Amino acid sequence: MSVCIGEWRERTLILILAETLTESQSTQIQTELRCEGFSYKEIEVADRRLLEVTGNPGQDLTRFSSLPGVEQVIASPPAFKLASREAHRADTVVQVGDVAVGGERIVVMAGPCSIESRAQAMAVADACRRYGAVLFRGGAFKPRSSPYSFQGLGEEGLKILAEVREQTGMRTVSEVTSTDTLELMLEYVDVLQIGARNMQNFELLKRVGKTDKPVLLKRGLSATIEEWLMSAEYILSEGNPNVILCERGIRTFEPYTRNTLDLSAIPVVKRLTHLPILIDPSHATGIREKVIPMARAAIAAGADGLMIEVHNEPAKAKSDGAQSLYPEQFGQLMRDIHVIAPVVEKQLDFGYLDKARAVSQPVDVDDGNGLKVAILGDVGTFSHRACLQYFGENVTAIPTASYRAAFEAVQAGYARFAVVPLENSLTGSVHENYDLLLDSHLKIVGEIMLRIVYSLIGHDGTEIGQIRRVFSHPDVFRQCREFVSGQGWELVSTQDEATAVHMLTDRDDVADAAIAGRDAAETHGMTVLQEGIETNPRNYTRFGIIGATPLTDAPRRKSSLIYQTPNEPGALYETLGLFSEHGVNLVKLESRPIHGKPWEYLFYVDIEADAESPEFEPTLKALKEKTDYLAILGSY
Ligand code: PEP
Ligand code: MN
């Protein structure tokens with residue numbers, strides 16, 4: 001439904017009120033509405049407070065959205081229901097085989113515009129898989145602007161896609177252009193793409209809605225977001241909940257790019273609907289060198305993933321060569337995304353498919369509940385988030401009361417792995433976990449880095465001035481030192497930060513607050529009073545995956561060592577010289593006093609090498625000769 005605001009005299013607006021709305025803001029909003037002659041009524045939908053406002057708002061709605069305490073203005077009640085956030089508060093995660101679209105991990109689908117031959121598809125697929133793509137995309141039926149352009153290989157192309165799936169383990173995505181070929185597509189394809197030109201082909205939408213295949217619904221060339229979501233509604237209303245949205249640029253007057261990429265659609269869509277959204281910067285820009293910056297921006301703006309055209313020989317591509325990345329460019333882009341993703345609290349996991357396969361296979365400690373992973377504390381902690389981002393949504397997190405208990409759970413076989421913090425970018429190593437590693441036969445078998453954003457969490461409506469007591473883990477207080485100091489609060493230590501939030505619900509006192517991540521507030525139904533209170537926003541924690549054996553046989557690129565050198569001049573210098581001689585890159589070096597031996601130190605060293613491989617043996621032998629004590633904490 002499109003709305004021309006100028007046509008309306010009297011209309012209804014919905015003001016979505018902020019979760020942090022205070023009583024004084026509420027009074028101010030109501031006074032202003034009354035003074036301007038609007039009538040209004042307060043309603044509550046799915047635990048959100050809304051104001052239904054009736055009157056003639058004119059064309060400029062910004063004055064409503066800029067009122068303090070108003071989070072969003074909806075100009076007319078949206079006609080989509082099943083697609084709306086109100087209908088479904090939690091984000092929808094669409095499962096495509098082992099790949100979860102809309103979860104904690106960025107999903108990248110890549111491939112050529114069209115499948116041209118078996119050799120071409122295989123070459124592109126191998127490269128995409130190697131660089132971290134998890135879904136393979138290629139057209140078999142191509143909707144082309146000109147009837148004389150290459151129209152795709154049809155069924156032969158689909159057969160090649162199925163072969164790629166067989167060989168690489170990547171599930172496939174391809175465009176369905178007509179109801180006539182839908183049955184055929186269902187045999188070969190794991191995600192049905194509805195192209196921009198078919199976004200309002202309602203017969204096609206209804207037919208794919210009757211299947212249970214995931215659908216990638218592209219935004220039409222000139223479609224408003226509301227029209228796009230109405231098309232999603234067609235699919236959902238036929239019973240298929242597996243809809244993934246894809247923004248691919250809209251038609252504007254601007255000729256420098258093929259289309260205009262509407263990145264602002266990401267936050268708009270995230271607010272209006274629970275469906276995941278991918279960005280296709282290839283069709284949006286049409287020009288190879290514009291694809292990479294737009295892809296980076298899409299991830300920074302909160303997209304759940306990307307759709308990227310890649311070709312092994314773009315100059316010879318039968319369609320869309322100018323916008324197809326060379327495989328190496330795609331590889332570089334993926335490295336950039338890997339770095340950007342943690343900033344927005346997500347992860348690009350190069351080992352995604354291999355890990356997912358290993359997680360879904362039965363293991364020794366599996367009793368039907370899937371892979372078990374011990375974490376400190378409960379759901380809602382950053383350890384829990386690290387666990388989900390590393391292993392995926394299908395693991396069972398085993399809460400424990402201490403780091404030692406997490407290690408013991410693995411040693412006793414209750415859990416196959418533990419996820420524990422090893423190092424924080426602001427406060428340094430978590431020595432307790434290094435000590436536990438030295439005391440056990442367990443190793444670091446993987447690592448994951450998370451950005452840590454802390455929030456002050458309390459009861460709904462609490463003003464910060466009312467707070468007297470704040471609960472959290474001591475490490476958390478350290479990371480938020482600037483915010484908590486000088487407030488005169490009593491700081492109460494808890495075993496982990498999610499427990500701190502849980503305690504608020506038990507004690508039910510507005511003078512109590514907690515510091516934890518946003519997830520913990522959501523888990524326990526509490527309110528975020530202030531977000532981003534860590535002293536330094538560059539606050540990252542590196543978590544180690546602790547186990548007896550690794551999850552996959554992925555190549556091990558990094559190792560953590562601990563050693564002690566003799567107490568003589570140049571001893572440390574000589575060990576470092578060995579790394580230099582053997583061309584080993586050092587990525588961490590830290591010293592720590594040895595308990596009970598004043599002025600003697602242990603050195604904590606991370607290197608970019610597999611310390612347990614045969615190639616490393618000569619270096620290791622030389623290192624052992626120059627040290628009094630040496631332990632390999634793990635290669636991963
Ligand atoms: C495509 O994905 O190859 C394609 C034709 O995209 P769109 O429908 O967005 O133009
Ligand atoms: Mn294309």
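**Notebook: cavities, a metal site and salt bridges**

The largest cavity has a volume of about 70 Å³. I was working on a predicted model, so every entry here carries that label.

**Entry 1. Cavities**

I asked how many cavities of 30 Å³ or more the structure holds. The count is 3.

I then listed the residues that line the largest cavity. From the earlier part of the list I noted Glu345, Gly380, Thr381, Phe382 and Arg385, among others. Val453, Ser455, Gly517, Arg518, Asp519 and Glu531 are also in the lining.

What is the character of this lining, by residue class? I found 2 nonpolar, 4 polar and 5 charged residues.

Next I looked up the helices. Helix H13 (382-391) supplies at least two residues of the lining, and helix H19 (518-523) also supplies at least two.

I checked the domains too. Domain 3 (369-452 + 540-544) gives at least three lining residues, and so does domain 4 (455-531).

**Entry 2. Manganese ion (ligand 2)**

Which protein atoms are the donors of the manganese ion (ligand 2)? I found Cys113 (SG), His283 (NE2), Glu309 (OE) and Asp320 (OD). They lie 2.0 to 2.4 Å from the ion.

I wrote down the spacing of these donors along the chain as C-x169-H-x25-E-x10-D. His283 and Glu309 link distant parts of the chain, 26 residues apart. His283 is in helix H9 (residues 281-285), while Glu309 is in strand S14 (residues 305-309).

Are these two donors buried or exposed? His283 counts as buried, because its relative accessibility is 7%. Glu309 is buried as well, because its value is 0%.

**Entry 3. Salt bridges**

I counted 47 salt bridges. I followed up three pairs and one network.

The first pair I opened was Glu313 and Lys316. Their closest N and O atoms are 3.1 Å apart. Glu313 is partly exposed, at 38% relative accessibility. Lys316 is exposed, with a relative accessible area of 61%.

I went on to Glu423, which forms a salt bridge with Arg542. Here the closest N and O atoms are 3.0 Å apart. This pair links distant parts of the chain, with the two positions 119 residues apart in numbering. Glu423 sits in strand S17 (residues 417-424), and Arg542 sits in strand S25 (residues 540-547).

Arg542 came up again with Asp606. Their side chains meet in a salt bridge at 2.8 Å, N to O. Asp606 is in strand S28 (residues 597-607), Arg542 is in strand S25, and the two are 64 residues apart.

How accessible are the three residues? I noted these values:

- Glu423 has a relative accessible area of 21%, so it is partly exposed.
- Arg542 has 10%, so it is buried.
- Asp606 is at 2%, so it counts as buried.

The cut-off matters for Glu423, because buried means under 20% relative accessible area.

Which residues make up the network around Arg542? I found Glu423, Glu447, Arg542, Lys558, Lys588, Glu590 and Asp606 linked by salt bridges. Both bridges of Arg542 described above, to Glu423 and to Asp606, join residues of this network.

Notes
Residues numbered from 1 in each chain as written. Chains lettered and ligands numbered in written order. Predicted model: local features only at pLDDT ≥ 70, side-chain atom pairs only at ≥ 80, totals over all residues. Heavy atoms only, no water. Salt bridge = Lys/Arg side-chain N within 4 Å of Asp/Glu carboxyl O. Buried < 20%, exposed > 50% of the residue type's maximum accessible area, 1.4 Å probe, protein only. Helix = DSSP H or I, 4+ residues; strand = E, 2+ residues; numbered from the N terminus. 1 Å grid on protein atoms, 1.4 Å probe; cavity = no way out; pocket = protein on both sides within 12 Å on 5 of 7 lines; lining within 4 Å. Points joined across faces, edges and corners; volume = space filled by probe spheres on them. Nonpolar A, V, L, I, M, F, W, Y, C, P; charged D, E, K, R; others polar. Domains from an automatic or database assignment. Donors = N, O, S within 2.8 Å, 3.2 Å for Na, K, Ca; no water.
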